[in-house]
Number of protein chains: 2
Amino acid sequence: MDQGHPGGRGSLTVGRIVEEATALADEGGLAALSMRALGRRLGVEGMAVYHHVANKEALLDALTDEVFREIALPAGEDWRTGLRARSVSERLVLRRHPWAIGLVETRTAPGPTTLGHQDHVIGYLRGAGFSPRAAAQVLAFLDAYVYGFVLQELALPADPTPVVRAVRERPGSTPFPHLEAVITEVVDAGYDFADEFEVGLDLLLDAMGALRG
Amino acid sequence: MDQGHPGGRGSLTVGRIVEEATALADEGGLAALSMRALGRRLGVEGMAVYHHVANKEALLDALTDEVFREIALPAGEDWRTGLRARSVSERLVLRRHPWAIGLVETRTAPGPTTLGHQDHVIGYLRGAGFSPRAAAQVLAFLDAYVYGFVLQELALPADPTPVVRAVRERPGSTPFPHLEAVITEVVDAGYDFADEFEVGLDLLLDAMGALRG
DNA sequence: GTACCGTCCTTTACAGCGTAAAGACCGACG
DNA sequence: CGTCGGTCTTTACGCTGTAAAGGACGGTAC
């Protein structure tokens, strides 16, 4: 069970800690990430982690910052294409680490990787002819859309909710006629919510053009 | 300290529990909402709450559902105006209860108030000429934007971050030239991030028109 | 009246959490 | 060899959600 990592004295580094903490959260959610469980995974007592990380808050800060390293930076001549690819990548990363979006809310001091990422995007937009304010707006609006969409995706239950089941079994039995219409005519007609992401993204990207000088 | 609520036998109701739990979370964040603290506020032992609520998860479900009661329903002939007012209200409600957006992520079964709200919005859009699918898209896209924007607002620190302070004291001292430009030419030029909400909202609302039959 | 019962609340207890404090080990240096 | 500094372990405290059991009350039945 302890193969794969040495676990002995001197084997602990901040890098290894962040790596295993990420894996732990990916597998069991933020709730599974306790200092004791993390220590167990590292082949060490929980308290040992405190010699490399100030406290759990600092560890979560580091986890959040690392996430931004995975998001593809925008590139290419066409700003619309470049931004689109970045947003698509951002969504995939946030889905791969479902705990990340919950951390963004509580982390008020962005780390160096996050700042570097944002700096790059702003610079990319400035190079495409956006003013400083417009660049900041575009980044904020796109991130808002991506964050919010992923938030809704994560809240989607794996199994159909009682309401959805009720609609399928006895249509007209709920007090929500319009939701019923959406379920039967959209959801059950083969439209996947995940596919709507790019529809909204393209509409928003089109709208962003109005902010360019 | 115990004035204002009876606190005796039979004084506990689900309504009172949800009400005080909301107040507790509003004042001290989700972390301040423990069953013992809630009981204390209700003039009762923590375990007494369990006779009216299955467990803490169910309580959080109820809290989340109640939030949707506060969001103004869209009304009026012009769908754009109606939706705009709803989104503005939604943002204010989410800012008033900063814990709510963090709960949305983990609650996978929407409550009756939430469903009723969504049903109303879908019906409103259908009445304005949107197809079932388009209505669902508009609702999802607008909510995504509002959720994501509030998420970013909540992550804004009260005090300026080290980076912002560094830029103000010694411009050019950070490795983030484009962020520096945004700070000096946008943030410090009087543009308030909160005011950008309606800019993006209007752009998005304009884009939603393309989804109408 | 008084015995009973069901409901509401309290008490006690347990495993887990983050982390402060202090002890134990171990390689390196004088 | 002795001692020091860093790394890890041990122990402990107050907090968490909640299972289990006990106690107190009000209403009903005799």
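**Exercise 1. Which counts of polar contacts and salt bridges does the rule give between the two domains of chain A?**

Solution. Across the interface of domain 1 of chain A and domain 2 of chain A, two residue pairs are in polar contact, both at pLDDT 80 or more. A polar contact here is a pair of N or O atoms within 3.5 Å; within protein, one must be able to donate a hydrogen and the other to accept it, and residues adjacent in sequence count only if both atoms are side-chain atoms. Salt bridges between these domains come to zero, where a salt bridge needs a side-chain nitrogen of Lys or Arg within 4 Å of a carboxyl oxygen of Asp or Glu.

Some housekeeping before going on: this is a predicted model, where local features need pLDDT of at least 70, side-chain atom pairs count only at pLDDT 80 or more, and totals for chains, interfaces and linings use all residues. Residues are numbered from 1 along each chain as its sequence is written, chains are lettered from A and ligands numbered from 1 in the order in which they are written, and side-chain values use heavy atoms, with hydrogens and water left out.

**Exercise 2. Describe the contact between the domains of chain A.**

Solution. Start with the bounds: domain 1 is 14-53 and domain 2 is 74-211, as set by an automatic or database domain assignment. Their C-alpha centres lie 30 Å apart. Four residues from domain 1 of chain A and four from domain 2 of chain A make the contact, meaning heavy atoms within 4.5 Å.

Next, the area: about 360 Å² is buried between the two domains, and carbon and sulfur atoms give 71% of it. Buried area is the accessible area (1.4 Å probe) that two parts lose on being put together, summed over both. On the domain 1 side, Thr22(A), Asp26(A) and Leu30(A) supply 86% of the area buried against domain 2, more than any other three residues.

**Exercise 3. How are chains A and B related, and what lies between them?**

Solution. First, superpose. A turn of 180 degrees with a shift of 0.0 Å along the axis lays chain A on chain B with an RMSD of 0.0 Å; the fit is by least squares on the C-alpha atoms of residues with pLDDT of at least 70 in both. That is the relation of a two-fold axis. The same surface serves both copies, as 98% of the contact residues of chain A recur in chain B.

Then go through the interface. There, 55 residues of chain A touch 55 residues of chain B, and the chains bury about 4500 Å² between them, 74% of it on carbon and sulfur atoms. The rule finds two salt bridges across this interface. Arg133(B) and Glu196(A) meet in a salt bridge at 3.0 Å, N to O. Ten residue pairs are in polar contact between the chains, both at pLDDT 80 or more.

**Exercise 4. Which residues come closest to each DNA strand?**

Solution. Take DNA strand D: 21 residues surround it, the closest being Arg9(A), Glu45(A), Arg36(B), Tyr50(B) and Lys56(B). Being near means having a heavy atom within 4 Å. Arg36(B) puts a side-chain N or O atom 2.7 Å from a base nitrogen of strand D, while a polar side-chain atom of Tyr50(B) is 2.7 Å from a phosphate oxygen of that strand.

Now DNA strand C: of the 21 residues around it, Arg36(A), Tyr50(A), Lys56(A), Arg9(B) and Glu45(B) come nearest. A polar side-chain atom of Lys56(A) is 2.6 Å from a phosphate oxygen of strand C, and a polar backbone atom of Glu45(B) lies 2.6 Å from a phosphate oxygen of strand C.
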